[in-house]
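Here are my notes on the model you sent over. Have the viewer open while you read.

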Amino acid sequence: MHTSPSPEPRTPAESKTSLSNNPLLARTSNIPFDSFKAEQIVPAIDELLARSEKELEQIRTVRGPRTFDNTMKALDDLGLSLDFGMGIVSHLESVLTTPEWRAAYNTVLPKVSDFRSKIVLDEGLWKAIKDFAATDEAKALQGERLRFLSKTLDDFRRNGADLPPDKKEQLSRINTELAQVTNTFSQNTLDATNLFEHVTTDESELAGLPESAREMGKASAASKGLAGWRFTLQGPSLLAVLTYADNRELREKFYRAYNARGTKAPHDNVSLLYRILELREEKAKLLGFKDFSDLVLADRMAKTGEAASGFVSGLKGRIASLFAKEQADLKSFVQEKFGVDPADLKPWDVGYYVEKMRKALYDFDEEELRPYFPLPEVLRGLFTITERVFGVAVRPNPDLKPWCDGVTVFSALDAKSGKLLGHFYADLHPRDSKRGGAWMNGLVSHIPDDGDAMPHVGLMAGNFTPPQDSKPSLLTHDEVTTLFHEFGHLMHQLCQNVSVRSLGMDNVAWDFIELPSQILENWCWERESVDLFAKHFETGERIPDSLFEKVKRARNFRSASFLMRQLGFSTVDLALHRSYSRERDGDILAFCRTAMQESSPLPLPEDFAMIASFTHLFSSAVGYAAGYYSYQWAEVLDADAFSRFRRDGFMNPATGLAFRDQVLSRGDADDPNALFRTFMGRDPDTTALLERAGLL
């Protein structure tokens, strides 16, 4: 991505020339990432909005009888080029932002949000859909077309299509402001993360840190022209300090800095939290729902906030005693082995002593595995597994150019027929210009009867341990499972084969969409599959049997604590979107701290404020808001679905192809409960998760 100073005003002739050469206007699977410039954003998005308005008008004013093609197919295609152009702009804002790019993005975001929110509120469009629904053609629809019509009618009604004009205008204002405020929350979090650094030339501060972390710190300092070692709040750096640093003050510094992001000017998110919750509640009430959770979950598997809360509290109840025992065991270990009074333990001590305890119990240190997980080998092994099990072959594609150095491009093909399924980009290492975490995005999705030969295009992004000097990127086992997870999402997009674009994986219920990603993590724990990607970066040797057995034995170490932590996030999410009231409950940071305390192994400090940087919940208008429970819900589905792979053979291509055909390829073309039943022959068994985690 290139940027340059804002251009001088152009004449109409110059503007036409500029638009004709603007790469954001051309929807393509061969995306010219080296051609995008910040000054192209505003004119391109304005033009695409104008085109989308014309498309909308054409649906409203169809002459002659209403048909699926002139109404529903046209609706499915509405704003397709706008979605592509804005998708590119949004994507580059998340991975390669600059001040110029961000300013342009912030300029167009309200316009696009306003247009998108108006679609379900457009009276002429709503009338067109209802008129078509009354036709004989509509009444004879079956399969995907019937589901598309039924879901569209439900979506429009649920999102305010029958509201009076003044209420529609109010709702449109809410949607636009939500998009702006949540975008600011996301940008504040990135900026606050990048604001922190710890630079030292005193090697004694590094006591306890593994060599990989020291090398990473030295490379980070050198990249900034600094002597010594530099550590940041980016994932690999933060976790190394909290897990291994003997220096307790250093651990405390990082813990407090990470959990205080978004609480101080100029990146203060606290006031934004209040406003986001106010807007979400206002929207839910306007649409006739009890609260925001009921609005969000109406078309998901849980259906209601009460059901989601019941699911979360039920799981918490089943593991509460095991969670308490794990904390007691940790405190006893710390006292016996290190002479530390358990009353003196603080949250920034937990990760450090947990790692000591793991090593003592299982003679296993996570760092022992790192040399066996060089990223290039892990990718090759991952692709070997997906080809053998799911019939998806992945090959490098040097013809497609990424957005910056270090990003690699691949093509996915059907292994049997050689048919191209799509392309994807892998952007796997941290940068200051890139947001934290790991995620998957779709950039282009096609449908088979479009008449074009455009393949799917997607990406997976992460912030994994970067390469150091002559060493490749060496991953932890946790990073390996995260990589498999995100590629599972990509598989869901690349394999989708639906006749209606709106029934693609982007619109799958969020408490089902994690199934394809989480099920792929299981192959990180089986010897036969691990041997395909775990090879020592210097010797090429596989993981020794003794070490792998330690890994397997340690898999469920403190599994109740890990699950309880996730359930704690789900608890605070649902509490904020179901019951929190500023007038009744007071300070939101204190409320969230209290809500999360029962899921924390130790008392949380008074300045604990992780909610102010919780981008899962607050970096988009909906995102995982009122839906963080989806991770645990889908864990139940994935643990149960993988039991079929265990029964049939987890490298069995017949089972893999069944999962691809019956789940991955179907997107949102069927009800998720029906998809699961088709693959498993029954409803999900919630016991499967607890059994896999050793918690029964």
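The points below cover the sheet, the helices around it, a helix pair and two backbone details.

1. Keep in mind throughout that this is a predicted model. Local features are only taken where pLDDT is at least 70, and side-chain atom pairs only at 80 or more.

2. Start with the five-stranded sheet. It is open, its strand order is S3-S4-S5-S7-S6, and the pairing is mixed. Which strands stand at the edges? They are S3 (392-396) and S6 (439-444); each has a single partner strand, so one side of each has no neighbour in the sheet. On average, neighbouring strands are turned by 25° against each other, ignoring direction.

3. Next, look at S5 and S7 within that sheet. S5 (residues 420-427) and S7 (residues 456-461) run parallel and are joined by six bridges. If you want a spot to zoom in on, His423 stands opposite Val457 in S7.

4. Two helices deserve a look against this sheet. H4 (residues 80-95) packs on the sheet and touches S5, S6 and S7, with its direction at about 150° to that of S6. H18 (residues 375-390) lies across S3, S4 (408-414), S5 and S7, and runs at about 150° to S3.

5. Now for the rings. The structure holds 40 aromatic pairs, and one of them is Phe383 with Phe410. This pair is edge-to-face, at 5.1 Å centre to centre and with 65° between the planes. Phe383 sits in H18 and Phe410 in S4, so the pair ties together parts that are 27 residues apart in sequence.

6. Further along the chain, check H27 (residues 630-648) against H29 (residues 672-680). Their axes come within 10 Å and cross at roughly 25°, which means H27 is roughly parallel to H29. The crossing is left-handed. On the H27 side, the contact is made by Leu637, Asp640, Ala641, Ser643, Arg644 and Phe645; H29 brings Phe676, Phe679 and Met680. By type, the contact residues of H27 with H29 are six nonpolar, one polar and two charged.

7. Where is the cis peptide bond between Ala265 and Pro266? Pro266 lies in the loop between H12 (248-259) and H13 (270-286). Omega for the bond is about 5°.

8. One last backbone item is Asp363. Its phi is near 50°, a positive value in a residue other than glycine. You'll find Asp363 in the loop between H16 (347-362) and H17 (366-369).

Note on methods:
Residues numbered from 1 in each chain as written. Heavy atoms only, no water. Axes fitted to C-alpha atoms, helices over the stretch in contact; angles between N-to-C directions. Helix = DSSP H or I, 4+ residues; strand = E, 2+ residues; numbered from the N terminus. Parallel < 35°, antiparallel > 145°, perpendicular 65-115°, else oblique. Left-handed = near helix turned anticlockwise from the far one by under 90°. Contact = heavy atoms within 4.5 Å. Nonpolar A, V, L, I, M, F, W, Y, C, P; charged D, E, K, R; others polar. Pairing = 2+ DSSP bridges. Phe/Tyr/Trp six-rings, centres within 6.5 Å; stacked < 30°, edge-to-face > 60°.
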